[in-house]
Amino acid sequence: MKYITIALAKGRLAKKALEMLEQVGITCEEMKDPNSRKLIFTNEELKLRFFLAKANDVPTYVEYGAADIGVVGKDTILEEGRKMYEVLDLNLGKCRMCVAGPASAKELLHHGELIRVATKYPNIAKDYFYNKKHQTVEIIKLNGSIELAPIVGLAEVIVDIVETGSTLRENGLEVLEEICPLSARVVVNQVSMKMEHERITKMINDLREVLNNLIY
Ligand code: PRP
């Protein structure tokens, strides 16, 4: 039997995703050791391998087949635009991709003005402004603390993730437009889906059942 390799996005999602996988018998004891510096973990019995990667790299591993399955946020999936199947919404890490800024910036969004948009997600921002709103904007790529941009005058608005909304509130900003809902998704390499169809669909169906039991 071939190994099936699962890539998990490092960070907030990984722990919850592992707990969910554990509920369907996909476990990896080795991975729980917080002191380990190992990068890849194996469950010999189930012929599974797991690794943690930077969220943005998960779609890359999955598209190239270095991982058969990935668990990653919808934000990263949209931003990276990789070829792969998105097969399941895990309902974890629910939040929203939004256009945000000071209340005074609202009218700039209605009159199609040339504004500056700061974001960690330039592709999502481009798609939203160019293809959906047909508004020409200047996109400025940042790598974190995006909320700073409108405060210090780098941009009129931002495109960023809003979860509780407290970062915006505490900085005098608000949601101006909602782009899309986000949550963690399971993605699958297109070739793996054919070659390991039985094992992969069983995993997905088992996970779906756990999710259904959680919801109802
Ligand atoms: C994310 C996001 C917002 C914040 C939203 O940032 O970019 O800044 O969380 O959460 P809230 O609505 O619950 O306040 P993250 O903490 O990942 O760090 P970053 O600013 O470095 O991207």
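1. In this predicted model, the C-alpha centres of domain 1 and domain 2 lie 30 Å apart. Seven residues of domain 1 and 10 residues of domain 2 make up the contact. The domain assignment places 4–93 + 183–215 in domain 1 and 95–181 in domain 2.

2. Between them the two domains bury about 660 Å², with 47% of that area on carbon and sulfur atoms. On the domain 1 side, Asp75, Leu78 and Glu79 lose the most area to domain 2, and together they account for 68% of what that side buries.

3. The count of salt bridges between domain 1 and domain 2 is 1. Arginine 12 forms a salt bridge with glutamate 163, where the closest N and O atoms are 3.1 Å apart. Polar contacts across the interface come to 5 residue pairs, both residues at pLDDT 80 or more. Helix 3 (residues 74–80) gives the most to the domain 1 side, with 4 residues.

4. Turning to the interior, the largest nonpolar core has 29 residues, and Ile6, Ile26, Phe50, Ile69 and Leu90 have the most contacts inside it. Elements that each supply at least two residues of this core include strand 1 (4–9), helix 1 (12–23), strand 3 (48–53) and strand 11 (184–188). Helix 8 gives the most, with 6 residues. Apart from this core lies another, of 20 residues, among them Val99, Ile115, Tyr128 and Leu182.

5. Phenylalanine 50 deserves a separate entry. Leaving aside residues up to four places away in sequence, phenylalanine 50 touches Ile6, Leu21, Ile26, Thr27, Cys28, Met31, Leu39, Ile40, Phe41 and Asn43.

Key
Residues are numbered from 1 along each chain as its sequence is written. This is a predicted model: local features need pLDDT of at least 70, side-chain atom pairs count only at pLDDT 80 or more; totals for chains, interfaces and linings use all residues. Side-chain values use heavy atoms; hydrogens and water are left out. A nonpolar core is a set of buried Ala, Val, Leu, Ile, Met, Phe, Trp, Tyr and Cys residues joined through side-chain atoms within 4.5 Å. Buried means under 20% relative accessible area, exposed over 50%, partly exposed in between (1.4 Å probe, protein chains only). Contact means heavy atoms within 4.5 Å. Domain bounds come from an automatic or database domain assignment. Buried area is the accessible area (1.4 Å probe) that two parts lose on being put together, summed over both. A salt bridge is a side-chain nitrogen of Lys or Arg within 4 Å of a carboxyl oxygen of Asp or Glu. A polar contact is a pair of N or O atoms within 3.5 Å; within protein, one must be able to donate a hydrogen and the other to accept it, and residues adjacent in sequence count only if both atoms are side-chain atoms.
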